[in-house]
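Subject: A structure for you to look at

Hello,

I am passing on the structure we talked about, and below it you will find my notes on what turned up. I hope they make a friendly way in.

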Amino acid sequence: MDKLIYYSQEDPRWKDILYSNRSDPKQTIAASGCGPTCFAMVASSFIGRRVLPPESAQFAISHGYRTDDNGTSWGFFLEAAKAYGLSCMQTGSLEEAKQALSNGALVIASMRFGHFTGAGHYILLVGIHDKWIDVYDPNPDNRKYGIDGLIREGVKDDGKVTADETVFRREAAQYWIFTTINTNEGDQPMTAIEQKAFEALQIKVEEQSSALTVLTLKIKDLETNIPAPKWFIIEFGDKVLEKIKDPTGTLEFWRSLAVSLRVQGYKKK
């Protein structure tokens, strides 16, 4: 990841773009596009090109993840990650999310009522320092942070805040951990499931290899034990076969015999 990208769902470039599955003019990216905006930040930070919120919002709508009245459904993140070549794991564990952040992952959190929302809201977690978690809030002028000191704002209304982990213990409903897909998987040891699948595949390969060997031998046997071809019988008759101890052979054998009989002036009887 070269650089973290921040997007606001209230950006004038797209805040009024419709984000609705029923053409409701009140449902815009600014009003309910926090999920796609968070994913756009993840994708843009990881894949090396800018994925803007309108693009991810359209993906959510076209794939059926825009709900009627409850924003973006949870299934969107796994589907979008797959489409954009990212690895995504869903979990309800804050400890897993914290460990992932320590390892350089990005984590989207679904927040319930509390310090980030009065109903429901997606935010992006981008780093961790002891008990403090760095957050990219797609709603930059969020007024739910409170005055209890659990949310620290740096530059006001820039969408980048730091939250005490207790906020997530109380208010986070679910997390999605995003990483780039490991391109050096061949260097990693197989999991137990992968090992079992590999062994089953080996057995199938061996079975198919044995079947292929048997088939090859049968074909070879057929090729070397061909009875007199029809063209040979038409030209020389079947009487000549009585003089051959084993009237079978390869095609080359029958061609050579035909040449020899023609040279001898043999005629069909």
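**A loop to start from**

Asp130 sits in the loop that links S3 and S4. Please keep in mind that the model is a predicted one. The phi of Asp130 is near 55°, a positive value for a residue that is not glycine. As background, most residues other than glycine have a negative phi. Asp130 belongs to the hairpin of S3 and S4, with 2 residues between the strands. Is Asp130 buried or exposed? With 74% relative accessibility, against a cut-off of over 50%, Asp130 counts as exposed.

Ser23 makes a good companion to look at next. Ser23 is not a glycine either, yet its phi is positive, about 55°. You will find Ser23 in the segment before helix H1 (29-32). Its relative accessible area is 59%, so Ser23 is exposed.

**The sheet**

Which order do the strands take in the sheet? There are 7 strands in an open sheet, ordered S1-S7-S2-S3-S4-S6-S5, and their pairing is antiparallel. At the edges are strand S1 (86-91) and strand S5 (151-153), each of which pairs on one side only. From one strand to the next, the twist averages 30°.

Here is a walk through some of the pairings:

- S1 and S7 run antiparallel and are paired over 6 bridges; Leu86 has Thr180 in S7 as its bridge partner.
- S2 is joined to S7 by 6 bridges, again in the antiparallel sense; Met111 has Ala172 in S7 as its bridge partner.
- S3 and S4 pair over 5 bridges, also antiparallel; Leu124 is matched with Tyr136 in S4.
- S4 (residues 132-136) and S6 (residues 160-164) form an antiparallel pair over 5 bridges; Ile133 stands opposite Ala163 in S6, and Asp134 stands opposite Thr162 in S6.

Strand S4 deserves a second look. Since 5 of the 5 residues of S4 are buried, the strand is largely enclosed by the rest of the structure. In general, side chains in a regular strand alternate between the two faces of the sheet. In S4, Trp132, Asp134 and Tyr136 point one way, while Ile133 and Val135 point the other way, and all are buried.

In strand S7 you can also pick out Ala173. Beyond its neighbours within four places in sequence, Ala173 is in contact with Trp74, Ser110 and Arg112. Ala60, by comparison, is 113 residues from Ala173 along the chain, and their C-alpha atoms are separated by 20 Å.

**The helices across the sheet**

Which strands does helix H2 lie across? Helix H2 (residues 34-46) lies across S1, strand S2 (106-111), strand S3 (121-129), S4 and strand S7 (172-180), and runs at about 40° to S3. At 1.5 Å a residue, the 13 residues of H2 should span 18 Å, and the end C-alpha atoms of H2 are 19 Å apart, which agrees. All of H2 is covered: 13 of the 13 residues are buried, so the helix is largely enclosed by the rest of the structure. After H2 comes Gly48, which has a positive phi near 90°.

Helix H4 (residues 75-83) also has several strands beneath your cursor to trace: H4 lies across S1, S2, S3 and S7, running at about 165° to S1.

**The cysteines**

How many disulfides does a search of the whole structure find? The search finds 0. Cys38 is in no disulfide, and the nearest cysteine sulfur, that of Cys34, is 6.4 Å away; a disulfide would need the two sulfur atoms within 2.5 Å. Cys38 is buried, with a relative accessible area of 0%. Cys88 is in no disulfide either, the nearest cysteine sulfur being that of Cys38 at 13 Å. Cys88 has a relative accessible area of 18% and is buried, the cut-off being under 20%.

**What the record says**

An unreviewed UniProt entry lists residues 6-139 as "domain: Peptidase C39-like". Over residues 6-139, the chain is 34% helix and 19% strand, and the end C-alpha atoms are 11 Å apart.

Enjoy exploring, and write back with any questions.

Best wishes

Note on methods: Residues are numbered from 1 along each chain as its sequence is written. This is a predicted model: local features need pLDDT of at least 70, side-chain atom pairs count only at pLDDT 80 or more; totals for chains, interfaces and linings use all residues. Side-chain values use heavy atoms; hydrogens and water are left out. UniProt positions are given in the numbering used here, feature names are shortened, and annotations may be inferred rather than shown by experiment. Helices (H or I, at least four residues) and strands (E, at least two) are DSSP runs, numbered from the N terminus. Buried means under 20% relative accessible area, exposed over 50%, partly exposed in between (1.4 Å probe, protein chains only). Two strands pair if DSSP finds at least two bridges between them. Axes are lines fitted to C-alpha atoms, for helices over the stretch in contact, and angles run from 0 to 180 degrees between N-to-C directions. Contact means heavy atoms within 4.5 Å. The expected span of a helix is 1.5 Å times one less than its number of residues.
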